[in-house]
Amino acid sequence: MSAAVVRWITKARPILVALFVSGCMSASGKQAIAPAPVPVIVFPLVADSVRFTSGFGDARGGGRAHHGQDMFCARWTPILAVVNGTVDWIATARPKSGKSYSVLLRGDDGNQYFYDHLNNDDPGTRDNSGEPGYAYARGLRNGERVSAGEIIGYVGDSGNAERAGAHLHFEIHIGRWDNPVDPAPALRAALARRSH
Ligand SMILES: [Zn+2]
């Protein structure tokens, strides 16, 4: 790059910044949504075939939006920690009727990973009264550190998944809980890495 060009860029920088900023604004003056970051994760399921259904942002009852991806696979499929981190929100007793077993993984990468509808059936039954030891990896406790790829629980249909069937509902929150992003790109990349 010639000195003249460098000088021009240096001089023009405030204008370029202004152009960039205005380019990020929509016609309404609101800031446009930047592309969501795609964290590098381990695929959360030990399954050869997984069927993705509901997508991110799909409408749910009461004006809520679906903040995750649903992955259908066999009941009892092991669920893996997607990154190194600390587990939280583990139920220490059977949830109240209709409530689900879920777990939050607070990643060392600063992101939060939420898993829902873990197994609530006793082995060989559909009794909805399985103890936490059949939802989570045996002995897993809140605050415990886990490594990426470690088994943390099992797929099931607890909560409102009874009718839909066993699946993992998985969410990614970048940096903080109120910042959910579509997990699909990270999941697809994780699957692709796994098949190599
Ligand atoms: Zn879901």
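The following exercises, with worked solutions, concern a predicted model of a protein.

**Exercise 1. Determine how many helices and strands the protein has, and in what order they run.**

Solution. Begin with the count: the protein contains two helices and 10 strands. Next, trace the chain from the N terminus, which gives the order α-β-β-β-β-β-β-β-β-β-β-α. Finally, consider the contacts with a separation of 6 or more: residues 24 or more positions apart account for 63% of them.

**Exercise 2. Identify the residues of the largest nonpolar core that touch the most other members, and the elements that each supply at least two residues of this core.**

Solution. As background, buried residues make up 33% of the 196 residues in the protein. The largest nonpolar core has 36 residues, of which I79, V103, Y115, L118 and I152 touch the most other members. At least two residues of this core come from each of β3 (78–80), β5 (101–107), β6 (112–118), β8 (151–154), β9 (167–173) and α2 (184–194). Y115 may then be examined individually. Leaving aside residues up to four places away in sequence, Y115 touches P44, I79, S102, V103, G153, L168 and F170.

**Exercise 3. Explain why β9 is described as largely enclosed by the rest of the structure, and state which residues lie on each of its sides.**

Solution. The criterion for a buried residue is 20 or more other C-beta atoms within 10 Å of its own. Seven of the seven residues of β9 are buried, and therefore the strand is largely enclosed by the rest of the structure. To assign the sides, recall that in a regular strand the side chains alternate between the two faces of the sheet. In β9, one side carries H167, H169, E171 and H173, while the other carries L168, F170 and I172. Both faces are covered, since all of these residues are buried.

**Exercise 4. Establish which strands pair with β9, with how many bridges, and in which sense.**

Solution. Take the partners in order of their numbering.

- Strand β2 (residues 69–72) runs antiparallel to β9 and is joined to it by four bridges. Within this pairing, D70 has H169 as its bridge partner.
- β6 is also antiparallel to β9, with five bridges between them. Here D116 stands opposite H169.
- Strand β10 (residues 180–181) pairs with β9 in the antiparallel sense over two bridges. I172 stands opposite V181 in this pair.

H169 of β9 thus faces D70 as a bridge partner and D116 as well.

**Exercise 5. Locate the residue with a positive phi in the hairpin of β9 and β10.**

Solution. Six residues lie between the two strands of this hairpin. In the hairpin, G175 takes a positive phi near 80°.

Methods
Residues numbered from 1 in each chain as written. Predicted model: local features only at pLDDT ≥ 70, side-chain atom pairs only at ≥ 80, totals over all residues. Buried ≥ 20, exposed ≤ 12 C-beta atoms within 10 Å, placed from the backbone. Contact = placed C-beta atoms within 7 Å. Core = buried A, V, L, I, M, F, W, Y, C linked by C-beta atoms within 7 Å. Pairing = 2+ DSSP bridges.
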